[in-house]
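Dear colleague,

I am passing on to you the structure we spoke about, with the sequence beside it. Please have it open while you read the notes that follow.

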Amino acid sequence: MDTDTGIGGAAGQFPSTDLSLLAAANGELSNQALERVVALYWKPVYRFIRLKFRKSNEDAKDLTQGFFTTALQRDFFRRFDPSKAPFRAYIRVSVDRFAANQRAAEKRQKRGGDVEFEPLEENQVTTESAEEAFEREWRRQLFTLALDDLRAHCNESGKTLHLRLFEAYDLSGGERPSYSDLAVCHHIAETSVTNHLAWARRMLRTFVAERLRDVTSGEGELRKEMRRVWS
Amino acid sequence: MELTDSMVDHLRRVAALPDLTGTRYELESEIGRGGMGVVYAARDRQLDRRVALKVFDLPVAGEARLIAQLEHPTIVPIYEAGTLADGRSFYAMKLVVGARLDRYLCGSPSLAERLRVIHRVAEALAFAHARGVIHRDLKPQNVMVGEFGQVYVMDWGVDAVAGTPAFRAPERRLDQRSDIYAVGVLVQFMVPEAPPALSAIARKAMRPDSAQRYPAVNDFLADIERFQEGLPVEAWREPLWHRLRRFGSRNAVLLWLFAAYAGVKFLLFFLRNV
């Protein structure tokens with residue numbers, strides 16, 4: 001079965017950095033910071049290509065890889081103008097152009113000209129546009145990375161109980177346990193459960209902001225992106 | 001573990017809520033979103049009263065202090081300002097019970113009532129400008145009309161606010177005259193089919209070149225007051241027929257008395273010569 005990719009990168013591979021895209025505009029962006037950009041955008045780009053250009057898993061992965069390779073080789077970051085659009089929109093439009101150019105090149109190479117598209121599988125049929133899928137995947141990836149940061153932080157600072165409670169309550173896929181159930185289960189007071197959860201949510205918010213800070217051009221764009229995430 | 005859509009939605013919801021640990025407030029519900037943050041209804045446990053809590057998306061300094069300086073009946077009083085445990089700035093203010101201006105207008109208030117609101121908004125701006133504060137984002141969504149007709153101008157400017165496109169003056173660097181531009185748009189919004197003199201006031205306030213607008217809100221206010229009193233406005237050179245009509249409507253009683261006097265005189269003259 002042609003399933004989605006598992007590639008995307010765990011946050012542990014991408015250490016924190018204070019560099020922003022403004023540094024990129026001067027050509028000073030470090031590899032670590034670039035990796036953070038790729039970590040956040042790989043999956044949204046892949047998903048966008050897959051839906052918009054109806055590519056198979058492998059082709060979409062190749063195109064995504066090709067896009068980032070080209071972006072890193074050329075002065076992609078230098079051309080980003082924060083006064084025109086947020087970085088997220090810049091990436092999406094650039095991917096769109098890149099994939100369209102690739103498709104045109106493929107078409108020219110083929111005799112007869114027609115490009116054969118991979119048929120969409122049943123589970124891929126959706127009313128969602130590629131742009132919407134990109135946004136949704138971007139949010140998911142942002143939270144995935146922030147959660148990885150939260151886990152790392154909890155483990156380093158010995159707040160494993162906070163993490164366990166947070167995972168049991170806020171990451172519960174099904175029915176959430178009650179606060180009193182969690183209090184009994186972990187031998188703590190119910191107020192401690194709510195306090196621990198509040199702490200973990202607060203930290204998650206901080207890590208989301210940090211992740212966004214790395215891929216925005218400054219306070220103004222960061223604010224807009226924060227609004228986009230929370231509203 | 002792959003996050004499902006519902007998990008992401010839940011995380012967005014719980015992590016967006018302000019962390020009120022260590023404050024005297026209890027969250028009730030969200031009541032609105034401004035340019036810089038979210039406004040919640042909350043309960044002040046210490047004083048057992050409801051308040052409005054504005055929580056900024058990111059730490060900001062100054063807005064609360066800025067508004068706290070503005071003690072005026074049309075400016076919502078600030079009770080407390082500070083930083084939440086999650087690092088976000090907040091301030092608590094009076095919870096205004098009433099309707100936002102755009103919704104208030106759905107009740108089709110009279111022209112006189114609309115002019116009263118415009119007048120109150122301009123008074124608030126003049127008061128703030130005199131203290132060196134500009135609003136930056138005046139629009140119907142930032143004006144509240146209370147249940148007893150009180151008018152409040154909210155969401156006073158923070159440097160980072162760029163304004164709302166339809167109400168934003170064309171100049172890049174916003175100043176007091178940018179607020180005058182916004183109040184001109186507000187007049188057009190509130191009175192779409194305004195009499196010529198009122199339209200002229202709005203147009204003058206909205207001139208693209210800020211040097212051609214009213215130099216100060218007080219000048220705008222003076223023109224609004226002239227219009228309310230039926231006097232000629234500075235923004236409009238009215239044609240003769242309009243001046244006569246306005247003279248007639250302003251002096252209707254006097255004219256009727258004069259007409260009656262002339263009628264009686266004419267009748268007496270007529271009777272004497274019959």
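In which sense do S1(B) and strand S2 (residues 37-44) of chain B pair, and over how many bridges? Before the answer, please keep in mind that this is a predicted model, with an ipTM of 0.75 and a pTM of 0.64. For chain B the mean pLDDT is 89, and 95% of the residues in this chain reach 70 or more. As a general caution, where pLDDT is low, the predicted coordinates should not be read in detail.

As to the question itself, S1(B) and S2(B) pair in the antiparallel sense, over seven bridges, and within this pairing Gly32(B) stands opposite Val39(B) of S2(B). The two strands belong to an open sheet of five strands in chain B, in which the order is S1-S2-S3-S5-S4 and the pairing is antiparallel. The edges of the sheet are strand S1 (25-33) and strand S4 (78-83) of chain B, each of which pairs on one side only. On average, and with direction ignored, neighbouring strands of the sheet are turned by 25° against each other.

At the other edge, S4(B) pairs with strand S5 (residues 89-94) of chain B, again in the antiparallel sense, over five bridges, and here Gly82(B) has Phe90(B) in S5(B) as its bridge partner. S4(B) and S5(B) form a hairpin with five residues between the strands, where Gly87(B) takes a positive phi near 90°.

Turning to where the chains meet, 23 residues of chain A are in contact with 19 residues of chain B. On the side of chain A that touches chain B, helix H5 (130-157), helix H8 (190-214) and helix H9 (219-230) of chain A each supply at least two residues, and the largest share, eight residues, comes from H8(A). By class, the residues on this side of chain A divide into eight nonpolar, six polar and nine charged.

H8(A) also packs against helix H7 (residues 179-186) of chain A, at an angle of about 105° and with the axes 8 Å apart, which means that H7(A) is roughly perpendicular to H8(A). The contact is made by Tyr179(A), Ser180(A), Leu182(A) and Ala183(A) from H7(A), together with Glu190(A), Val193(A) and Thr194(A) from H8(A). Sorted by class, this contact of H7(A) with H8(A) has four nonpolar, two polar and one charged residues.

With best regards

Terms used: Residues are numbered from 1 along each chain as its sequence is written. Chains are lettered from A and ligands numbered from 1 in the order in which they are written. This is a predicted model: local features need pLDDT of at least 70, side-chain atom pairs count only at pLDDT 80 or more; totals for chains, interfaces and linings use all residues. Two strands pair if DSSP finds at least two bridges between them. Helices (H or I, at least four residues) and strands (E, at least two) are DSSP runs, numbered from the N terminus. Axes are lines fitted to C-alpha atoms, for helices over the stretch in contact, and angles run from 0 to 180 degrees between N-to-C directions. pLDDT is the predictor's confidence in each residue, from 0 to 100. Two residues are in contact if their C-beta atoms, placed from the backbone, lie within 7 Å. Ala, Val, Leu, Ile, Met, Phe, Trp, Tyr, Cys and Pro count as nonpolar, Asp, Glu, Lys and Arg as charged, and the others, Gly among them, as polar. Angles under 35 degrees count as roughly parallel, over 145 as roughly antiparallel, 65 to 115 as roughly perpendicular and the rest as oblique.
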